[in-house]
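Please open the structure in the viewer and keep the selection tool at hand. The tour proceeds one selection at a time.

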Number of protein chains: 2
Amino acid sequence: MEAAEKQFRKRNAILDCLRQTHAHPSAEMVHALLQPSHPDISLATVYRNLAWFKSRGMIQSLGTVNGVERFDADTQPHVHFVCTGCHAVLDLPQVEIPASLGTSAEEASGCRVRGCQLTFTGLCGSCANS
Amino acid sequence: MEAAEKQFRKRNAILDCLRQTHAHPSAEMVHALLQPSHPDISLATVYRNLAWFKSRGMIQSLGTVNGVERFDADTQPHVHFVCTGCHAVLDLPQVEIPASLGTSAEEASGCRVRGCQLTFTGLCGSCANS
DNA sequence: AAGAAAATAAGAATTATTCTCATTTTATTT
DNA sequence: AAATAAAATGAGAATAATTCTTATTTTCTT
């Protein structure tokens, strides 16, 4: 195996895993998702690398849902829906965040706005029916 | 002292405290704020009652900032700014959330939308200058 | 006033996350 | 390619926010 292929094998597996799911997983969920293909990646390494990617702006944190931090490989501002029943997190790509809100926020606060999160909460389809 | 005045003295003190601050405090911050006037309120009681108020929709949680849950007595949807430097949370009453976003979210998700949070992040004035 | 129900204090228990350090892997230099 | 330096990892200990347990106190109902 070439050197280039070996570089950061585990780190890349973690980022790839996050990029390939739409579940907005927690560290534990990433670890579980990787288990079949990479059973040798420890939970500490998942935590460490998620923090590493986050500090470099390569992924974003959605904050905690039910006390657990959730991550998203999509760093573009976009809208989420969090189900308060099953704690699923969905993207709502159909909902657009008006650009005016950001500038409005900056003017209103006198602060330097770097990021924005718009999250709706409620019950998802299956939780509403049970 | 009349019975009416004694009812839920501690519980009410906790809600009043949250209503009288704009700091969007954590449980520990509420406990500290209450210390001078109510040194006999334990931290467990603060946690318990914040959860009690929250479960009844009397207050809302803003989620966690720097790993600590923050609370707000204002349950109306409104916009927040979170400073990533000092972890202060500010209201941005000047920024309006378009009502269309909520309906748009409900249509897009097929879910029952119950709440909405719009949060901007960045550096507050004093953190930007240091 | 007596009994039932609810709230509380204190600290133990829980749990997500971070940290430590010895080891392994990867990169750099010779 | 060998030697050395730097970075990453595993395993489990440590941390810290939050929740839980239980005995006690306070409040409510009768």
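In this predicted model, select helix 3 of chain A, residues 27–34. Which of its residues are buried? They are Ala27(A), Val30(A), His31(A) and Leu34(A). These residues lie on the same side of helix 3 of chain A, because they cover an arc of only 100° around the axis. Next, add helix 2 (9–20), helix 4 (43–55) and strand 2 (68–72) of chain A to the selection; the buried residues of helix 3 of chain A pack against these elements.

Now move to chain B and select helix 2 (residues 9–20) and helix 4 (residues 43–55). The axes of these two helices are 10 Å apart, and the helices pack at an angle of about 75°. Helix 2 of chain B is therefore roughly perpendicular to helix 4 of chain B, since angles of 65 to 115 degrees count as such. To view the contact, display Arg11(B), Ile14(B), Leu15(B) and Leu18(B) on helix 2 of chain B, together with Thr45(B), Val46(B), Asn49(B), Leu50(B), Trp52(B) and Phe53(B) on helix 4 of chain B. Of the residues in this contact, 7 are nonpolar, 2 are polar and 1 is charged.

Finally, display both chains in full. How can chain B be laid on chain A? A turn of 180° with a shift of 0.0 Å along the axis achieves this, with an RMSD of 0.0 Å. The two copies are thus related as by a two-fold rotation axis. Select Leu118(B): its C-alpha is the one in chain B nearest the axis, 2.2 Å from it. Both copies use the same surface, as 100% of the contact residues of chain B recur in chain A.

Conventions:
Residues numbered from 1 in each chain as written. Chains lettered and ligands numbered in written order. Predicted model: local features only at pLDDT ≥ 70, side-chain atom pairs only at ≥ 80, totals over all residues. Heavy atoms only, no water. Axes fitted to C-alpha atoms, helices over the stretch in contact; angles between N-to-C directions. Helix = DSSP H or I, 4+ residues; strand = E, 2+ residues; numbered from the N terminus. Parallel < 35°, antiparallel > 145°, perpendicular 65-115°, else oblique. Contact = heavy atoms within 4.5 Å. Nonpolar A, V, L, I, M, F, W, Y, C, P; charged D, E, K, R; others polar. Buried < 20%, exposed > 50% of the residue type's maximum accessible area, 1.4 Å probe, protein only. Arc of directions from axis to C-beta. Least-squares fit on C-alpha atoms with pLDDT ≥ 70 in both.
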